[in-house]
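Here is a small set of exercises to work through with the model open beside you. Try each task before you read its solution.

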Amino acid sequence: MKYILPILLLATSILQAQTPPRLIVRGDDMGFSHAGNEALIKSYKEGIETSIEVIVPSPWFPEAVKLLRDNPAVDVGIHIALTSEWENIKYRPVSACPSLTDADGYFYPMIWPNKNYPGQSLTENKWTLADIEKELRAQIGLALKKIPRISHISAHMGCYDMDPEVKKLAKRLAVEYKIDIDPAERGVKGIGYKGPHQTFEEKVSSFLAMLETLKPGETYLFVDHPGLNTPELQAIFHIGYENVATDRQGVTDLFMDKRIREAIRRSGVQLISYADLRK
């Protein structure tokens, strides 16, 4: 009996070494703009993107719903949003939650204090957990009503981390609504660009470098934000992130680039979605 465990461990190690790396390529922020919606669907249909996160209180959510209905195979998550960071467009909550909004009824721009938006972060104001629960339930409920195949939830701008009680609440609701796919709990490792990624070519080089670090038997999550460089997106920004249109066009081009697709094919990396983590 004392030899069985070492043999099993050795067999598991050999099996993992023979299993190709798995990679989730997640596109965030569906609904924040028409250009973003188009890019996210394009990145799925013609590129390497495997999961899309949709922001329920966003201005282009109705169009996002239609596009996702027209593309029923794409895995979808709710990108829980408690902020409205952009200039020129704003998000209002889905529920009545006055402790989460500014004097105009919009979400605050930021989660944490930001020198560019003094006093305009959620954590600097008197939010209540009751209002956060009300809003999370409203966003989840509307998303499931319009997009029943929702598989998971995630945090826009890291809003879960604003307080341990918020993180506990999000977990509880994910379980309650049967959309609890937490990558970290399933051994998925977050990964990003390996190098500079301001320009498109930098994105390509740094993504290719990242692919080379993926290990057999491991599962990884890569997140970025596709968009199109249109007049609409050129008008959307926040202080400190003014090149939204060119940056997000670069992500779209990256996700569809032939060099990236060929590198994934050669390396044997398996592209999967959140929903595949259940299998």
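## Exercise 1: Two helices that meet

Helix α4 passes α5 in a right-handed crossing, where right-handed means that the near helix is turned clockwise from the far one by less than a right angle, and left-handed anticlockwise. This is a predicted model, in which local features need pLDDT of at least 70 and side-chain atom pairs count only at pLDDT 80 or more, while totals for chains, interfaces and linings use all residues. Residues are numbered from 1 along each chain as its sequence is written, and side-chain values use heavy atoms, with hydrogens and water left out.

Task: describe the geometry of α4 and α5, and find which residues make the contact.

Solution, step by step:

1. Locate the helices: α4 covers residues 129-146 and α5 covers residues 164-176. Helices here are DSSP runs of H or I with at least four residues, strands are runs of E with at least two, and both are numbered from the N terminus.
2. Look at the axes, which come within 11 Å and cross at roughly 30°. They are lines fitted to C-alpha atoms over the stretch in contact, with angles from 0 to 180 degrees between N-to-C directions.
3. List the contact residues (heavy atoms within 4.5 Å). From α4 come Leu129, Ile132, Glu133, Leu136, Arg137 and Ile140. From α5 come Glu165, Val166, Leu169, Ala170, Arg172, Leu173 and Glu176.
4. Sort them by class: the contact has 8 nonpolar, no polar and 5 charged residues. In this scheme Ala, Val, Leu, Ile, Met, Phe, Trp, Tyr, Cys and Pro are nonpolar, Asp, Glu, Lys and Arg are charged, and the others, Gly among them, are polar.
5. Zoom in on Leu136 of helix α4. Leaving aside neighbours within four places in sequence, Leu136 is in contact with Ile80, Leu82, Leu169, Ala170 and Leu173. Its relative accessible area is 2%, so Leu136 is buried (buried is under 20%, exposed over 50%, partly exposed in between, with a 1.4 Å probe and protein chains only).

## Exercise 2: Rings and charges

Task: work out what kind of aromatic pair Tyr193 and Phe222 form, and which parts of the chain the pair ties together.

Solution, step by step:

1. Begin with the total: the structure holds 5 aromatic pairs. Rings of Phe, Tyr and Trp (its six-membered ring) pair if their centres lie within 6.5 Å; planes under 30 degrees apart are stacked, over 60 edge-to-face, and the rest tilted.
2. Apply this to Tyr193 and Phe222: the centres are 5.0 Å apart and the planes stand at 85°, so the pair is edge-to-face.
3. Place the partners. Tyr193 lies in the loop between β5 and α6 (200-211) and Phe222 in strand β6 (residues 219-224), so the pair ties together parts 29 residues apart in sequence.
4. Check the surroundings: Tyr193 is buried at a relative accessible area of 14%, and Phe222 is buried at 0%.
5. Widen the view: Tyr193, Phe207, Phe222 and Phe255 form one aromatic cluster.
6. Now look for charges over rings (NZ of Lys or CZ of Arg within 6 Å of the ring centre and within 35 degrees of the ring normal). The charged end of Arg92 sits over the ring of Tyr106, 4.2 Å from its centre. Arg248 lies over the face of Phe32, at 4.9 Å from the ring centre.

## Exercise 3: Loops and a strand

Task: decide whether Asn88, Lys178, Thr50 and Val54 are buried or exposed, and where each one lies.

Solution, step by step:

1. Asn88 is in the loop between β3 (75-80) and α4. Asn88 is exposed, at 59% relative accessible area, and has a positive phi near 80° although it is not glycine.
2. Lys178 is in the loop between α5 and β5 (189-190). Lys178 is exposed at 68%, with a positive phi near 60° in a residue other than glycine.
3. Thr50 is in the loop between α2 (34-45) and β2 (51-54), and at 12% relative accessibility Thr50 counts as buried. Apart from residues up to four places away in sequence, Thr50 touches Ile24, Val25, Asp75, Leu271, Ile272 and Ser273.
4. Val54 is in strand β2 and is buried, with a relative accessible area of 0%. Val54 and Ile147 are 93 residues apart in sequence and 10 Å apart in space, C-alpha to C-alpha. Ile147 is among the residues in contact with Val54, as are Met30 and Phe61.
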